[in-house]
Amino acid sequence: MVKVAVLMGGDSAEREVSLMSGQGVVQALQSRQVNAHGFDTGARSLWALREEGFTHAFVALHGRHGEDGTVQGALELLGIPYTGSGVMASAMAMDKHMTKRIWLAEGLPTPASVWLTPAQQTPEAIAAIPAQLGLPLVVKPPHEGSSIGVTKVSEASHLQEAIAIATRHDPDLLCEVFVQGDEVTCPILGEGENARALPVVRIAAPNGAYDYQNKYFTDVVQYHCPSGLPEKKERALQEIVMRATRALGCEGWGRIDLMLRDDGRPFLLEMNTAPGMTGHSLVPMAARAAGIEFDQLVMQILELAHVG
């Protein structure tokens, strides 16, 4: 008998969103007569999964201790099949700097950046960043998601404030060239030769403010799926997304965010190995455009659960 624990909540900065994602997944699984239960990893020990007879885990955790390989490693030790990418791919994808290094090594386009550890964050190194990257630039914590701690800096005098915001969430620091253009995202579904890119979603946020609040708690952002892009451009984006996914070794499902510069050139931003599954989430939106309803999507992801 299959008994599924939907792992949600956790202790990351994205806990609130994860609880919403997890509840949606539980409802979808139960609607398909799956014996599924929510399991808040921020309140309970993972050992209870074995004690309570869970046979599978659907990872609906976002951020640290959910997408970074730690939970995946624990589930492997427990021998419980889980959804999404494995330990190494999860750990690499959660680290934006490591992700960029891999993509650059594979010849994939991603914005130029400067990465500084705490020891490297000297006044001289920080002062040199605008000259290295130009303005505007983007400051972000490299191990967070959902745009938490991310600031666009248009004047050098505002850089220190942006760094203070980012380093409240992460001791490391990542600064990137700001890419002017449309933000797009493209989910992937499946594994091996059966993996495919779903339709591209084009995002139109007021004044480009696609931040944490607007992502999850307002209705001011417009999402276009179908994207409205020329078919050839969309296919090219999907091809880049599949190359980027395979370069990281990700599997099962996920979502890659990109910027489409005004001149049409795409730039990869980050990989999400356990994306949101809320009412505002983009993977379900793209799946619907491909003819896959939410409950079908959740079942397909669950069927790909694995150990190792």
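Helices (H or I, at least four residues) and strands (E, at least two) are DSSP runs, numbered from the N terminus. The model shown in these views is predicted.

**View 1. A cis peptide bond leads into P136.** The bond runs from L135 to P136, with omega near 0°. P136 sits in a loop. Helix α6 (123-133) and strand β5 (137-140) are the elements that this loop connects. Most peptide bonds are trans.

**View 2. C225 and P226 are joined by a cis peptide bond.** Here omega is about 10°. P226 belongs to the loop between β11 (222-224) and α9 (231-248). Helix α9 returns in View 7, where its contact with α5 is shown.

**View 3. Q33 has a positive phi.** The value is near 60°, and the residue is not a glycine. Most residues other than glycine have a negative phi. Where along the chain is Q33 found? It lies in the loop between α1 (15-31) and β2 (36-40). Is Q33 buried or exposed? Its relative accessible area is 68%, over the 50% cut-off, so Q33 counts as exposed.

**View 4. H65 is another non-glycine residue with a positive phi.** Phi is about 60°. H65 is placed in the loop between β3 (56-59) and α3 (70-78). The relative accessible area of H65 is 40%. Partly exposed covers values between 20% and 50%, so H65 falls in that class.

**View 5. Strands β2, β1 and β3 form an open sheet.** Three strands take part, in the order β2-β1-β3, and the pairing is parallel. Strands β2 and β3 are the edges, each pairing on one side only. On average, neighbouring strands of this sheet are turned by 30° against each other, direction ignored. Strand β1 (residues 4-8) is joined to β2 by five bridges. One residue pair to look for is M8 with D40, its bridge partner in β2. Helix α1 lies across β1, β2 and β3. It runs at about 160° to β1.

**View 6. V114 is a buried residue of strand β4.** The strand spans residues 113-116. Why does V114 count as buried? Its relative accessible area is 12%, and buried means under 20%. Which residues does V114 touch, leaving out those up to four places away in sequence? They are I129, Q132, L133, L173, L174 and C175. For a long-range view, take V307, which is 193 residues from V114 along the chain. The C-alpha atoms of V114 and V307 are separated by 36 Å.

**View 7. Helices α5 and α9 pack against each other.** Helix α5 covers residues 96-105. The two axes are 10 Å apart, at an angle of about 115°. Angles of 65 to 115 degrees count as roughly perpendicular, and α5 and α9 are therefore placed in that class. The crossing of α5 past α9 is right-handed. Which residues meet in this contact? From α5 come T99, I102 and W103, and from α9 come A244, A247 and L248. By class, the contact has five nonpolar residues, one polar residue and no charged residues.

Note on methods
Residues are numbered from 1 along each chain as its sequence is written. This is a predicted model: local features need pLDDT of at least 70, side-chain atom pairs count only at pLDDT 80 or more; totals for chains, interfaces and linings use all residues. Side-chain values use heavy atoms; hydrogens and water are left out. Buried means under 20% relative accessible area, exposed over 50%, partly exposed in between (1.4 Å probe, protein chains only). Contact means heavy atoms within 4.5 Å. Two strands pair if DSSP finds at least two bridges between them. Axes are lines fitted to C-alpha atoms, for helices over the stretch in contact, and angles run from 0 to 180 degrees between N-to-C directions. Angles under 35 degrees count as roughly parallel, over 145 as roughly antiparallel, 65 to 115 as roughly perpendicular and the rest as oblique. A crossing is left-handed if the near helix is turned anticlockwise from the far one by less than a right angle, and right-handed if clockwise. Ala, Val, Leu, Ile, Met, Phe, Trp, Tyr, Cys and Pro count as nonpolar, Asp, Glu, Lys and Arg as charged, and the others, Gly among them, as polar.
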